[in-house]
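Q: Could you take a close look at one aromatic cluster here and walk me through how its rings sit together?

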Amino acid sequence: MDVMKASLYFNLGRMQESETEYRALLDANPDHYQMHTGLQTCMGLKAAEGSSLTAEQVAALTKLYAELSAAYPRSLACKRIQLDFKSGAEFQAALDTYARHYLRKGVPSLFMDLRPLYKDEVKVKAVQDLFESCLVFLAATPSTFPSAAAEEKPEAPQVRVWVLYYLAQHYDRLGLIEKALQRVDEALAHTPTLIELYTIKTKILKHAGDYVAAAHQAETGRRFDLSDRYLNSAAVKALLRCGKEETAILTAALFLKDGDLQATSLYEMQASWFELAAGAAYLRKQEFGKALKKYLAVTKHFDDFHEDQFDFHSYCIRKSTLRAYVALLRFEDALFNHAYFSKAAQGAITCYLALHDMPHVASPEEVEEALMAGMTAEERKKHKLKKKKEEKLRLKEVEEKERVKAEAEARIAKEKEASSSSADKKKAAASAAASTKAADPDPDGVKLATVEDPLSVSPPAEVSWVPPSFLAHGPEHGVHVSTSETSTTLAGACEPNQEISTSILEVAEPGILLVASGMGVTQRGTLSPDGIGGKGSWGDDEEEEGGGGGIEGGGGQEQVVRLCRGRVREGLGATLSVKVEGSASLQHRLAAAETLVLVDAAAKPQAMDLLLASPFGISPLDNEECRSVHVALSAEGGLLFDAGKAGEWKVACATEFPHSTYFEGADVLQYEQYEFDGLTEAFGKLAF
């Protein structure tokens, strides 16, 4: 009620009363950040949108928080907020005071707390200097902080470990992988039993490109505490990332009840995080059936959430839980904008587009033949052994289902004989229903992947995986990319919404799609013979009457044509070059290069210069971007295919990312070899 009163005073323009209320609220809870924000706003101490604080505001904030810190000396919020507006020596002193508390207590979340400061390069340098100096002083005898008073006691040895832990995250954030690994290895040498060190080393190795080593580090950390569900989940995601899907399922099953079917139980638990990670893993291997199975499972969960709200309506009215009811309605309004649903829908769209591009390998036999053709003799042998193991597991699951069903039927018969009341009979019937679940008729998604024309088939009746709210209000550019790419593929031209039309030079991929849709395409990445406004056709098939291709007019489409003519036909190369020169993102360089070649094949040398002139940026995700560039350069038939450039790029990236297994770097890490394939027998259920 007091919070509402303070907010109402503010909305009425009665700032004095609002300030009084917020101060009273801070007196009750001085660590509530929302109250601090309200107090700053009603005092006029918040920066205007798009601008920074004025000198007068900084002085007023300094005075305000000096008073609050004196009034509430134990409040960490009063100390943390000062780091946002202070600078120079004052910032250094405030940071030193604030960080000491967390380092002495051993709080792992210190980096996450200070991460917003990394928007300011000056503060990043100050943070690095402070923690590096702490490292030097704590290694000395006696171990103290740099600005410690003479009478202070020496710090505990563990404080230095937490400084190393922070610096490992700091350098990883800056993309300095070697320094990050050096710091985390130094911390592990000091305290090899600290689980958080293995967790952060997993992330560093992931950014370094060594996914197998990252999985081993995650597994090492998991084994320190077998009852920790978070560590189990982190290990599962790391295993999926490095392509060990079966091992990941077995690891996740360690937290399922004995006898539960793994895939079925994870689906019933609505473990969307697992299904998304598994779908991405299968998609990387081009196992589109399994990927679709996982992605569509997530979208089915959201359909269930949507349907379940009707049960909640009557409950809220009956129980008078009106606040929860309003929260539910607001949640349902943005249900299909959830990040999980966006990822699942985009993944499903990607699978169907890939199946559309390669219909000749859509059947299971041809998919298997295509996979075997690209393997070496040793890889074929491993693949056959894997298939045999999968078949053995499938038969085992079938036998388990039959056994469970038989036991359930026997138990039901026994309970029927013993039950004397209707309540007992209902309970027995419910038990029977739970024990005799129908088996999944398509566990590997074979039927989903074996359709003649993937884009002409509607989603399953129970799955509405592209609802209008997803297309119209998607919060991510990936939503619009998927929408435009599907429309371009279906009709040869799309009508992008405002987000795409205005982001040709701001976001990488939508720019290419906008150019493709404005020019008319015969297939993604291939120009229509008639160019802008011309009619295109799909392959050698004749265009059906009324079929799409090119841009025929219409308000939004005419706008696309004008935009394409203005930005593409008239000096696109110069425009993109100027825009991309200041960008450190390889993703933008790649998009610009592909756009140039898409418009004019003769501009390929200019596109290569634009892409490869200054390849490496400072982002910690550069490894992923470099992989995308290598895929584009080495894909036969692609816009930027150049085997020589691809080889040179791989050599350069191997030097830049020496730990990357993809680029075959010289310093791929050595680690303890775990027999992942023998997971269950080695330490699975026996670990508990």
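A: Sure, let's start with the group itself: F111, Y118, F131 and Y166 form one aromatic cluster. Before the details, keep in mind that this is a predicted model, where local features need pLDDT of at least 70, side-chain atom pairs count only at pLDDT 80 or more, and totals for chains, interfaces and linings use all residues. Residues are numbered from 1 along each chain as its sequence is written, and side-chain values use heavy atoms, with hydrogens and water left out.

There are 13 aromatic pairs in the structure. To count as one, rings of Phe, Tyr or Trp (its six-membered ring) need centres within 6.5 Å; planes under 30 degrees apart are stacked, over 60 edge-to-face, and the rest tilted. F111 and Y118 have ring centres 5.5 Å apart and planes at 70°, so that pair is edge-to-face. F111 also pairs with Y166, again edge-to-face, with 5.5 Å centre to centre and 65° between the planes. This second contact ties together distant parts of the chain: F111 belongs to helix α7 (residues 110-114) and Y166 to helix α9 (residues 157-173), 55 residues apart. Helices here are DSSP runs (H or I, at least four residues), numbered from the N terminus.

What about exposure? F111 has a relative accessible area of 5%, so it is buried (buried is under 20%, exposed over 50%, partly exposed in between, with a 1.4 Å probe and protein chains only). Y166 is buried as well, at 2% relative accessibility, and Y118 is also buried.

Conventions
Helices (H or I, at least four residues) and strands (E, at least two) are DSSP runs, numbered from the N terminus.
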